[in-house]
Amino acid sequence: MKPAIIKAGQWLLHALLPRTCAHCGLDLPYDGRAPLCRNCLAALEPLPELHCRVCGLPLRDGGSSCRDCRGESLPLTARSAFVFNPPMRSLVHALKYRGRDDLAPFLAGEMAAALNRFPELEVFKFAAAVPLHRARARERGYNQAELLAGALAARANLFHLPGAAERVRDTPSQTSLSREERRANMEGAFRIAGPELVKGRSVLLIDDVATSLATLSALAAEFRKAGAKSVAAFTLARE
């Protein structure tokens, strides 16, 4: 098909179903691919170079570790592509709560580009998503972490392990819980559905947002019990 015809089709589709910025609501160019306008796209914040060497938390005051990791050293290396700022929050909320599964390829592409910034993650060749409980997956229609993991694996030359783990307990929301309460909330929440997919492999856990790392740490522990050689986490954003 000729480029002129393709552009005409894109313009007509945009006229009928205009695309708007997922954060500010401004109209997007008919031939653009990004879900944000130019200003909102520029406002996305990559994880700064100054971040905790263990959990990936951005550090404002220097040092190599955050206070929590200095105090007890989480058994999980975690990194993120972006900081969870307002434009990124809008993208994540659209993906998770407004049925915008079409955002996953774009976001996974951004994650793949950011992955090259973290040489400590190069040894991880297998990608596994943080699972949703089946009741929540039914309600949402998809697991956003699984969409990100699959699209990231395709772009970053990783082996995707779909369905490697299951969430066997539908845990309450962690928003209002303390760090200790979040860890207790996640006890017994996961099981490894395919141990043969995990044993002896270096697995990168994929999720949309990392906050306290309680969920990722609990899942990582199950992967280790199942024989994973090593486990780390890579998320779209860090709160």
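This report describes a sheet, a pocket and two loop residues in a predicted model.

The model is predicted, and local features therein need pLDDT of at least 70, side-chain atom pairs count only at pLDDT 80 or more, and totals for chains, interfaces and linings use all residues. Residues are numbered from 1 along each chain as its sequence is written, and side-chain values use heavy atoms, with hydrogens and water left out.

**The sheet**

Five strands form an open sheet with parallel pairing, in the order β1-β7-β6-β2-β3. At its edges stand β1 (77–83) and β3 (159–160), each of which pairs on one side only. Strands here are DSSP runs of E with at least two residues, helices are runs of H or I with at least four, and both are numbered from the N terminus; two strands pair if DSSP finds at least two bridges between them. Four parallel bridges link β2 (residues 126–129) with β6 (residues 202–210), and Ala 128 stands opposite Leu 205 in β6. Across β2, β3, β6 and β7 (230–238) lies helix α7 (residues 144–156), which runs at about 130° to β6. Such an angle, from 0 to 180 degrees, is taken between the N-to-C directions of lines fitted to C-alpha atoms, for helices over the stretch in contact, where contact means heavy atoms within 4.5 Å.

**The largest pocket**

The largest pocket has a volume of about 840 Å³, which is the space filled by probe spheres set on grid points joined across faces, edges and corners. A pocket is an open set of points on a 1 Å grid over the protein atoms alone, where a 1.4 Å probe fits, with protein on both sides within 12 Å along at least five of seven lines; lining residues have an atom within 4 Å of a point. The lining of the largest pocket holds 35 residues, and Lys 96, Tyr 97, Gln 174, Thr 175 and Thr 211 lie nearest the centre. Helix α4 supplies the largest share of this lining, five residues.

**Two residues with positive phi**

Most residues other than glycine have a negative phi. The table sets out two residues with a positive value.

| Residue | Phi | Loop | Relative accessibility |
|---|---|---|---|
| Asn 157 | about 60° | between α7 and β3 | 70% |
| Leu 213 | near 70° | between β6 and α10 | 4% |

Asn 157 counts as exposed because its relative accessibility is 70%, whereas Leu 213, at 4%, counts as buried; buried means under 20% relative accessible area and exposed over 50%, with partly exposed in between, for a 1.4 Å probe and protein chains only.
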